[in-house]
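Reader: I'd like to learn how to read a fold like this one. Could you walk me through it?

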Amino acid sequence: MTAQSHHTEAHKHVVIYTDGACKGNPGPGGWGVLLKSAGVEKELFGGELTTTNNRMELLAVIMALEALKKPCQIKLHADSQYVLKGMTEWLVGWKAKGWKTASKQPVKNVDLWQRLDALVSGSGHHIEWLWVKGHNGDPGNERADKLANQGVEQALSGG
């Protein structure tokens, strides 16, 4: 083994699919995550009894990123324009305005946005944010959707 092979390990490539679900808005909701890296897959899901669809979409992304222990090269697929636009367009302005929207209203779900922002900026991850059309046959998205619905069931059954 040469000394060169001890260089810092390249960022691991991870493909992530996230989804949120809500039965009623607000109502019981769930989030689901499918992580794929180097041929290994990991599924995560959970839920809450009283929540909104947007909160579950955000929580899915947060839980996915919290599951990664080292900085990664990530392709993150979500069917939520709210999450994608928030992370790629709106966040900078919200922060500059003290977490207020363009119309000077407090940003909704600010607790989750701040948690996600801290995760993204402090993680060393390189994230490519990708939109996937929901319920359109994309296998990764379909699995994340199924996991999110398992999260709803778990919340409803008190588990």
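Author: We'll take the sheet, then the helices, then a pocket and two backbone details. Keep in mind that this is a predicted model.

Reader: Let's start with the sheet. In what order do the strands of the open sheet come?

Author: To read a sheet, go across it from strand to strand instead of along the chain. Here the five strands lie in the order β3-β2-β1-β4-β5, and the pairing is mixed. β3 (40-51) and β5 (126-131) are at the edges with a single partner strand each, so one side of each has no neighbour in the sheet. From one strand to the next, the twist averages 20 degrees.

Reader: How do β1 and β4 run, and how many bridges join them?

Author: Strand β1 (residues 12-22) and strand β4 (residues 72-78) run parallel, joined by seven bridges. For one you can find on screen, take Thr-18, whose bridge partner in β4 is Ala-78.

Reader: And which strands does helix α4 touch?

Author: Helix α4 (residues 139-156) packs on the sheet and touches β1, β2 (27-37) and β3. The direction of α4 makes about 140 degrees with that of β2.

Reader: Now two helices against each other. At what angle do α2 and α3 pack?

Author: For a helix pair, look at the angle and the distance between axes. Helix α2 (residues 81-96) and helix α3 (residues 110-123) pack at about 90 degrees, their axes 11 Å apart. An angle from 65 to 115 degrees counts as roughly perpendicular, which means that α2 is roughly perpendicular to α3.

Reader: Which residues of α2 and α3 meet?

Author: On the α2 side, they include Tyr-82, Met-87, Leu-91 and Trp-94; among those in α3 are Trp-113, Leu-116 and Val-120. By class, this contact has eight nonpolar, one polar and two charged residues.

Reader: On to pockets. What volume does the largest pocket have, and what lines it?

Author: Rolling a probe the size of a water molecule over the atoms shows where empty space is left. In this model the largest pocket has a volume of about 220 Å³. Its lining has 13 residues, with Lys-12, Ser-37, Lys-42, Ala-67 and Leu-68 nearest the centre. β1, β2 and β3 each give at least two residues to that lining. By class, the lining has six nonpolar, one polar and six charged residues.

Reader: Last, the backbone. Which peptide bond is cis, and where is Trp-99?

Author: Check omega for the peptide bond and phi for the residue. The bond from Asn-25 to Pro-26 is cis, with omega near 10 degrees, and Pro-26 lies in the loop between β1 and β2. Trp-99 sits in the loop between α2 and α3; Trp-99 has a positive phi of about 60 degrees, although it is not a glycine.

Notes:
Residues are numbered from 1 along each chain as its sequence is written. This is a predicted model: local features need pLDDT of at least 70, side-chain atom pairs count only at pLDDT 80 or more; totals for chains, interfaces and linings use all residues. Side-chain values use heavy atoms; hydrogens and water are left out. Two strands pair if DSSP finds at least two bridges between them. Helices (H or I, at least four residues) and strands (E, at least two) are DSSP runs, numbered from the N terminus. Axes are lines fitted to C-alpha atoms, for helices over the stretch in contact, and angles run from 0 to 180 degrees between N-to-C directions. Contact means heavy atoms within 4.5 Å. Angles under 35 degrees count as roughly parallel, over 145 as roughly antiparallel, 65 to 115 as roughly perpendicular and the rest as oblique. Ala, Val, Leu, Ile, Met, Phe, Trp, Tyr, Cys and Pro count as nonpolar, Asp, Glu, Lys and Arg as charged, and the others, Gly among them, as polar. On a 1 Å grid over the protein atoms alone, a cavity is a set of points where a 1.4 Å probe fits but cannot get out, and a pocket is an open set with protein on both sides within 12 Å along at least five of seven lines; lining residues have an atom within 4 Å of a point. Grid points are joined across faces, edges and corners, and a volume is the space filled by probe spheres set on the points.
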